[in-house]
Amino acid sequence: MRKRDYLTGLELSAGETLGLLERAVVQKKETKAGLRQISLAGKTFALLFEKSSTRTRVSFQVGVAQLGGNSARVLSEYVDGIIVRTFGHERVEELAEYAAVPVINGLTDLHHPCQALADYLTLWERFGPVEGLKVTYLGDGNNVLLSLLLVGALIGVNVSAACAPGYEPDPGVVNRSRELAAVSGAEILVTDDVQAACDGSHAIYTDVWVSMGQEEEADQRREALAPYQVRDELFRRADKDAVFMHGLPAHRGEEVADEVIDGDRSVIFQQAGNR
């Protein structure tokens with residue numbers, strides 16, 4: 001097989017991505033039933049984390065182990081793939097350019113494609129095939145939103161984002177998402193109007209307002225993003241079966257109210273499990 005990286009989510013076609021999600025639904029059930037998958041038997045993956053994260057590391061370690069492979073914590077010429085969590089996206093691109101083995105983006109400042117896969121898997125389990133569903137993201141236009149936009153547009157999911165002025169998503173990624181949406185039939189909306197973004201949505205999604213490395217901007221961010229907090233009242237404009245989503249960890253009382261994150265609509269732990 002030729003070397004294939006996964007850096008932005010667009011390295012796979014729409015059909016391949018949908019097929020991956022459909023296979024994941026089945027494979028998750030089989031794993032829970034005690035049927036061990038061994039598609040990575042004899043393979044070893046290096047976990048290169050320049051940006052620390054216990055949850056991301058454990059997610060990938062368990063995932064590799066469930067498929068019969070091993071994970072190493074240091075780079076070696078013997079590994080069969082490299083999973084990277086870092087800061088600037090150019091770092092993972094450079095590594096992929098020179099690596100002889102596949103490189104998987106576990107997170108960069110610009111993209112978080114594996115998170116988006118887990119999120120769309122969660123929606124597939126809840127609603128069935130995801131084409132035509134609507135996902136609404138509120139808050140800061142960060143890497144989570146960018147990957148929801150790209151992967152969603154690729155596979156036919158309608159994605160709307162309501163972001164505070166000055167915290168909009170990268171315009172280049174938005175434009176690319178709209179190009180993909182023109183092919184898949186999806187709709188992309190970026191606005192500052194929370195109510196308009198939530199209309200008819202099947203999922204209302206948010207993320208922390210202050211990420212690692214942004215601590216000096218904390219007060220400014222909280223003030224600007226306060227109107228974008230996810231509260232119960234926002235679900236009145238959404239689909240009757242709409243769910244609440246969050247990549248975790250969450251800051252209660254900031255980006256999401258307690259009654260939402262602890263309510264019946266919350267699927268945050270299902271998301272975590274799907275990672």
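Reader: Let's start with one residue. In which helix does S147 lie?

Author: S147 sits in helix α5, which covers residues 143–155. Keep in mind that this is a predicted model.

Reader: Is S147 buried or exposed?

Author: The idea is to look at the relative accessibility and compare it with a cut-off, where under 20% means buried. S147 comes out at 0%, so it counts as buried.

Reader: And which residues does S147 touch?

Author: Skip anything up to four places away in sequence, and you are left with H111, H112, P113, A116 and G152.

Reader: Let me zoom out for a moment. How many helices and strands does the protein have?

Author: There are 10 helices and 9 strands. Along the principal axes, the C-alpha atoms fill a box of roughly 50 × 40 × 35 Å.

Reader: What does the radius of gyration say about the protein?

Author: You compare it with what a compact globule would give. For 275 residues that value is near 19 Å, and the protein has 18 Å, so the two agree. Buried residues make up 52% of the 275.

Reader: What share of the contacts join residues at least 24 apart?

Author: Take the contacts between residues at least 6 apart in sequence; 74% of them join residues at least 24 apart.

Reader: Can we go through some pairs like that? Where is I82 found?

Author: I82 is in strand β3, residues 81–85. With a relative accessible area of 7%, I82 is buried. Its C-alpha atom is separated by 4.8 Å from that of V103, although the two positions lie 21 residues apart along the chain numbering.

Reader: And N70, which strand is that in?

Author: N70 belongs to strand β2, residues 70–72. Its relative accessible area is 45%, so N70 is partly exposed. Now pick G42, which is 28 residues apart from N70 in sequence: C-alpha to C-alpha, the two are 7.5 Å apart in space. Leaving aside neighbours within four places, N70 is in contact with K43, T44, F45 and V64.

Reader: What about T31? Which helix does it lie in?

Author: T31 is part of helix α1. At 29% relative accessibility, T31 counts as partly exposed. T31 and L67 are 36 residues apart in sequence, with 9.5 Å between their C-alpha atoms. Beyond its neighbours within four places in sequence, T31 is in contact with Q37 and Q66.

Reader: Since we're on α1, how do the axes of α1 and α4 cross?

Author: For a helix pair, ask how far apart the axes are, at what angle they cross, and with which hand. Helix α1 (residues 14–32) and helix α4 (residues 113–127) have axes that come within 10 Å and cross at roughly 65°. The crossing is right-handed.

Reader: Which residues in α1 and α4 meet?

Author: From α1 you have T17, L18, L20, L21, E22, A24, V25 and K28, and from α4 you have L117, Y120, L121, W124 and E125. Sorted by character, the contact has 9 nonpolar, 1 polar and 3 charged residues.

Reader: How many aromatic pairs does the structure hold?

Author: The structure holds 1. Y137 and Y205 form it, with 5.9 Å centre to centre and 35° between the planes, and the pair is tilted. Y137 lies in strand β5 (residues 134–139) and Y205 in strand β8 (residues 203–206), so the pair ties together parts that are 68 residues apart in sequence. Both tyrosines, Y137 and Y205, are buried.

Reader: Now the backbone. What is the phi of L107?

Author: When you scan phi, look for positive values at residues other than glycine. L107 is such a case, with a positive phi of about 155°. L107 is in strand β4, residues 103–107, and at 7% relative accessibility L107 counts as buried.

Reader: And what is the phi of L248?

Author: L248 also isn't a glycine, and its phi is positive, about 65°. You'll find L248 in the loop between β9 and α9. Its relative accessibility is 19%, so L248 counts as buried.

Reader: Which peptide bond joins L248 and P249?

Author: Read omega here: the value is about -5°, and the bond joining L248 and P249 is cis. P249 lies in the loop between β9 (243–246) and α9 (258–261).

How values were computed:
Residues are numbered from 1 along each chain as its sequence is written. This is a predicted model: local features need pLDDT of at least 70, side-chain atom pairs count only at pLDDT 80 or more; totals for chains, interfaces and linings use all residues. Side-chain values use heavy atoms; hydrogens and water are left out. Helices (H or I, at least four residues) and strands (E, at least two) are DSSP runs, numbered from the N terminus. Buried means under 20% relative accessible area, exposed over 50%, partly exposed in between (1.4 Å probe, protein chains only). Axes are lines fitted to C-alpha atoms, for helices over the stretch in contact, and angles run from 0 to 180 degrees between N-to-C directions. A crossing is left-handed if the near helix is turned anticlockwise from the far one by less than a right angle, and right-handed if clockwise. Contact means heavy atoms within 4.5 Å. Ala, Val, Leu, Ile, Met, Phe, Trp, Tyr, Cys and Pro count as nonpolar, Asp, Glu, Lys and Arg as charged, and the others, Gly among them, as polar. Rings of Phe, Tyr and Trp (its six-membered ring) pair if their centres lie within 6.5 Å; planes under 30 degrees apart count as stacked, over 60 as edge-to-face and the rest as tilted. The radius of gyration is taken over C-alpha atoms; the globule rule is 2.2 Å times the number of residues to the power 0.38.
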